[in-house]
Amino acid sequence: KPKTKRAKRFLEKREPKLKENTKNAMLIKGGNANLTVTEVLKDIYAVKKPFAVLYKKKNITRPFEDQTSLEFFSKKSDCSLFLFGSHNKKRPNNLIIGRMFDYHVLDMIELGVEKFVSLKDVKNSKCPEGTKPMLIFAGDMFDVNEEYRRLKSLLIDFFRGPSVPSIRLAGLEYVLHFTAVDGKIYMRSYKVLLKKSGCKIPRIELEEMGPSLDLVMRRTHLASDDLYKLSLKQPKALKPKKKKNISHDVFGTTYGRIHMQKQDLSKLQTRKMKGLKKRPAEKSAEDGVSPKKSKS
């Protein structure tokens, strides 16, 4: 139990919510990280800010063998995504990207960096901090292969940024492009330039901004189908309620069935006309009184 109000607010912030906060990522440097890996982590941190935490000290850990240190850092910094960088003779320029579920490792994929161009090497204007990127995935492998499909889901989780209620055209200024060809993944980032076109729709040009990475997939640690299904489970309050008596045809037309009470048509108000007026004999017949006989 919290002893102070500050501790109480801290615990309430970490409690499960119907609408999740934007996922934070922690970027961890391994015990033997070289200059390339360090620069990659810095550039990814610059892209991911302000929803990221960069650990500058080296951490001697091997995520595929022991995951306790990652789970400890996840609880400490309240991050559900991580990127771990290391370098050794067997696996040079190594990156491990993964995500957590309930502060335990859910998915983890190891990628090797074969070519890297940093933000500093590309002398162009950069996007402001916190810009939400547009994500593009090219290549059949992202739809056919299960490992690549899980990598696509992981990359979307990592780079998607906050959920927004509306989109402004001028805010669409950053593109992250992932291409899977011949067993390699090419990551490219572009700045969107809106040029004059002489009409309402602007002419769009892409300018390479950096960072760009040529990656190759190495080891994978994927969650079982049951655990993955459990991680995708939504609370009942967020599920849309089924609307009764509504159906749709093949053309998308909506039909609704309305239930009404039985109407008494005898009391229906109609247009008053002289010809529709009831005669005294009809009125008395309705009231149950026999009409008077006329004198003969």
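Let me begin with strand β3, where 6 of the 6 residues are buried, so β3 is largely enclosed by the rest of the structure. Please keep in mind throughout that what we are looking at is a predicted model. By buried I mean under 20% relative accessible area, and that cut-off is what the statement about β3 rests on.

Which way do the residues of β3 point? L81, L83 and G85 point one way from the strand, while F82, F84 and S86 point the other way, and all are buried. For those of you new to this, in a regular strand the side chains alternate between the two faces of the sheet.

Now let us walk outward from β3 to its neighbours. On one pairing, β3 is joined to β1 by 5 bridges, and these two strands run parallel; here you can find L27 standing opposite L83 in β3. On another pairing, β3 meets β4 in the antiparallel sense over 6 bridges, and if you look for F82, its bridge partner in β4 is G98.

From β1 we can also go to β2. Strand β1, which covers residues 25-30, pairs with strand β2, residues 52-59, in the parallel sense over 5 bridges, and L27 stands opposite L54 in β2. How does the chain get from β1 to β2? It crosses through helix α2, residues 35-48, and this β-α-β crossover is right-handed. So L27 is a useful residue to keep on the screen, with L54 opposite in β2 and L83 opposite in β3.

Going the other way, β4 is joined to strand β5, residues 104-117, by 8 bridges, and the two run antiparallel. One pair to look for is M100 with V105, its bridge partner in β5. The hairpin of β4 and β5 has 2 residues between the strands, and in this hairpin D102 takes a positive phi near 60 degrees. Strand β5 in turn is joined to strand β10, residues 212-221, by 8 bridges, again with the strands running antiparallel, and the bridge partner of G112 in β10 is V216.

Let me turn to the empty space. Rolling a probe the size of a water molecule over the atoms shows where empty space is left. The largest pocket holds about 1,600 Å³ of space, and of the 37 residues that line this pocket, the closest to its centre are K17, E20, N21, K23 and S80. Among the elements that each supply at least two residues of this lining are α1 (5-14) and α5 (146-159), whereas β4 gives the most, with 3 residues. By class, the lining of the largest pocket divides into 13 nonpolar, 10 polar and 14 charged residues.

The second largest pocket holds about 290 Å³ of space. It is lined by 17 residues, and T61, R62, F84, S86 and N88 lie nearest its centre. The elements that give two or more residues to this lining are β3 and β4, and you may recall F84 and S86 as residues that point the same way from β3. The lining of the second largest pocket has 5 nonpolar, 7 polar and 5 charged residues.

Finally, a word on the record: an unreviewed UniProt entry carries the annotation "domain: Brix" for residues 23-226. Over residues 23-226 the chain is 22% helix and 41% strand, with the end C-alpha atoms 22 Å apart.

Methods
Residues are numbered from 1 along each chain as its sequence is written. This is a predicted model: local features need pLDDT of at least 70, side-chain atom pairs count only at pLDDT 80 or more; totals for chains, interfaces and linings use all residues. Side-chain values use heavy atoms; hydrogens and water are left out. On a 1 Å grid over the protein atoms alone, a cavity is a set of points where a 1.4 Å probe fits but cannot get out, and a pocket is an open set with protein on both sides within 12 Å along at least five of seven lines; lining residues have an atom within 4 Å of a point. Grid points are joined across faces, edges and corners, and a volume is the space filled by probe spheres set on the points. Helices (H or I, at least four residues) and strands (E, at least two) are DSSP runs, numbered from the N terminus. Ala, Val, Leu, Ile, Met, Phe, Trp, Tyr, Cys and Pro count as nonpolar, Asp, Glu, Lys and Arg as charged, and the others, Gly among them, as polar. Two strands pair if DSSP finds at least two bridges between them. A crossover is right-handed if, with the strands pointing away from the viewer, the path from the first strand over the helix to the second runs clockwise. UniProt positions are given in the numbering used here, feature names are shortened, and annotations may be inferred rather than shown by experiment. Buried means under 20% relative accessible area, exposed over 50%, partly exposed in between (1.4 Å probe, protein chains only).
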